[in-house]
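Subject: A structure for you to look at

Hi,

Here is the structure I promised to pass on to you. Have a look around it first, and then read my notes below.

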Amino acid sequence: MTEMRKVVAVVGGGYAGTLIATELDHEARVVLVDPRDAFVNVAGSLRALARPDWAPQVFFPYRTLLEHGQVIRDRASSVDPAGVMLAGGGRIDADYLVLATGSSYPYPARPRRMATSAAQALSELRATHDQLARAERVLILGAGPVGLELAGEVREVWAHKRLVILDQAAEVLPGFLPEVRRALRRQLDELGIDLRTGTYLTSLPPTADGTAGTFVVSTVGGEKITADIWFRSFGVHLNTSYLADGNLVQLTDGAAVPVDEHLNVVGHDHAYAVGDIADLADAKMASHAQTQALVVVENIRAQLAGGRPRSSYQPGSVPRILLPLGTSGGVGQLPTPDGGAAAAPLATVIQRKGADLFTSRFVQRFDRSLA
Ligand SMILES: Cc1cc2nc3c(=O)[nH]c(=O)nc-3n(C[C@H](O)[C@H](O)[C@H](O)COP(=O)(O)OP(=O)(O)OC[C@H]3O[C@@H](n4cnc5c(N)ncnc54)[C@H](O)[C@@H]3O)c2cc1C
């Protein structure tokens, strides 16, 4: 019976890929490909840096994900309409393809590309933690959610370190409600986190990021900043180089995968793309990636039953965010039923994200006995 099942190849075991793989595990022959040995709950990366004792909670070994399907530890090197070529030399012939390879972000917000085992990633986080512990003055370049959350996690562990965040944008969290931005600024002040917007450095610090070593840098305005360590909180890029050969589709100018409203890769009704790599208008977020994942699940289910993809995805028009500053602070903005947006109460930010950074949700996804 099992041999008759259609093969669904899922490329990338992140937020979207793991959800699609588990949902279809009982209906199709799922083959998930990822170079890592464990799913990384990226939302927890910054706490993992500040608190090595907590860090193992960010990694969920793939071996507990699927009951029937298979996880192959490899990297896709090319994809064509009939299957996936693997960097290790193998090939997966597939009836359905799901591309979910996400994006890369400078360490420590995501593990380094070469640190593909959880053990290796944990040991790098531990080493960077030790560098950070020695540094009294911390400079964070980039005041997006990652830079801000990093500052919050560092402050929670080290009450007295000097923390400066720099961003060239004139305002923090552009596009969010003024009251959310004001609350953020107020909390940063209370935490003694020095946020400087509308400025940038004349050149990057001379030391490697995440490595202790005192340096002095200048801003374009002529200010001097002395610090003992710095972190890079900017510079995301999409993991789509394996598609650059055009064997499946022509990528957009921004290296994203063009998709239609069913999340089919344009021109292929048996191939789908989801999450950060999909050329969609909404912000690159795990929450959107997982909503998209469920659309793909419905569409593949319909096709497995002999129908056509019917479920469609509409990118949200209201920006949303949960931005904890450690376990007891932070701000948020969530959609309201009337289609608007409202500031999220602190208790909501803590309960929905700050307390455990989504750990419990993935404990469930990765423990088949709870399913
Ligand atoms: C520090 C931080 C905090 C964040 N917090 C939040 C948050 O609170 N809420 C939120 O909604 N979003 C958050 N985000 C954004 C969120 O992490 C991304 O939007 C999300 O990871 C995208 O999910 P995805 O499924 O598209 O891909 P990912 O989760 O990035 O997974 C992609 C997977 O593909 C694998 N892969 C890459 N290349 C290949 C290849 N060639 N072959 C096979 N596999 C490959 C990777 O190893 C990885 O496992 C945060 C991001 C960062 C950096």
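**Around the ligand**

Sorted by type, the residues of the shell around the ligand come out as 18 nonpolar, 9 polar and 7 charged. Please keep in mind as you read that this is a predicted model.

How many residues surround the ligand, and which are the closest? There are 34 of them, and the closest are Ala16, Asp34, Ala76, Asp276 and Lys353.

Some polar contacts are worth finding on your screen. Aspartate 34 places a polar side-chain atom 2.6 Å from an oxygen atom of the ligand. With tyrosine 15, it is a backbone N or O atom that lies 3.3 Å from a ligand oxygen. Lysine 284 also takes part through its backbone: one of its polar backbone atoms is 3.3 Å from an oxygen atom of the ligand. On its own, the ligand has 1,000 Å² of accessible area, and the protein covers 91% of that.

Which elements give two or more residues to this shell? They are helix H1, residues 15–24, and helix H6, residues 286–304. H6 supplies the largest share, with 3 residues. You can also look at the shell by domain. At least three of its residues come from domain 1 (2–35 + 74–105 + 236–316), and at least three come from domain 2 (118–235 + 318–360).

**The chain as a whole**

Stepping back, the protein chain contains 8 helices and 21 strands. Its C-alpha atoms fill a box of roughly 65 × 45 × 45 Å along the principal axes. For 371 residues, a compact globule would have a radius of gyration near 21 Å, and the chain has 21 Å, so the two agree. Of those 371 residues, 52% are buried.

**The loop between S17 and S18**

I spent some time on the loop that runs between strand S17 (237–238) and strand S18 (271–273), where alanine 244 sits. Leucine 248 is in this loop too, and so is alanine 255.

Is alanine 244 buried or exposed? Its relative accessible area is 60%, and because exposed means over 50%, it counts as exposed. Leucine 248 has 7% relative accessibility and is buried, as the limit for that is under 20%. Alanine 255, at 28%, counts as partly exposed.

The distances from this loop are fun to trace. Alanine 244 is 165 residues from valine 79 in sequence, while their C-alpha atoms are 9.6 Å apart in space. For leucine 248 and isoleucine 165, the separation along the chain is 83 residues, and their C-alpha atoms are 42 Å apart.

**Backbone details**

Alanine 255 has another feature to check: its phi is near 65°, a positive value in a residue other than glycine. Phenylalanine 358 has a positive phi as well, near 75°, and again the residue is not glycine. You will find phenylalanine 358 in the loop between helix H7 (346–354) and helix H8 (359–366). With a relative accessible area of 16%, phenylalanine 358 is buried.

Where is there a cis peptide bond? Look between tyrosine 107 and proline 108, where omega is about 10°. Proline 108 belongs to the loop between strand S10 (103–104) and helix H3 (118–134).

**Two more residues to visit**

Valine 11 is part of strand S1, which spans residues 7–11. This valine 11 is buried, with a relative accessible area of 2%. Alanine 341 is 330 residues away from valine 11 along the chain, and the C-alpha atoms of the pair are separated by 34 Å.

Threonine 202 is in the loop between strand S13 (193–197) and strand S14 (215–218). At 55% relative accessibility, threonine 202 counts as exposed. Between threonine 202 and glycine 69 there are 52 Å from C-alpha to C-alpha, and the two are 133 residues apart along the chain.

If you would like somewhere to begin, try aspartate 34 and its polar side-chain atom 2.6 Å from a ligand oxygen. After that, go on to the cis peptide bond that joins tyrosine 107 and proline 108.

Happy exploring, and best wishes!

How values were computed:
Residues numbered from 1 in each chain as written. Predicted model: local features only at pLDDT ≥ 70, side-chain atom pairs only at ≥ 80, totals over all residues. Heavy atoms only, no water. Near = heavy atom within 4 Å. Polar contact = N/O pair within 3.5 Å; in protein donor to acceptor, adjacent residues only side chain to side chain. Areas by Shrake-Rupley, 256 points an atom, 1.4 Å probe, with all protein chains shown as cover. Helix = DSSP H or I, 4+ residues; strand = E, 2+ residues; numbered from the N terminus. Nonpolar A, V, L, I, M, F, W, Y, C, P; charged D, E, K, R; others polar. Domains from an automatic or database assignment. Rg over C-alpha atoms; globule rule 2.2 N^0.38 Å. Buried < 20%, exposed > 50% of the residue type's maximum accessible area, 1.4 Å probe, protein only.
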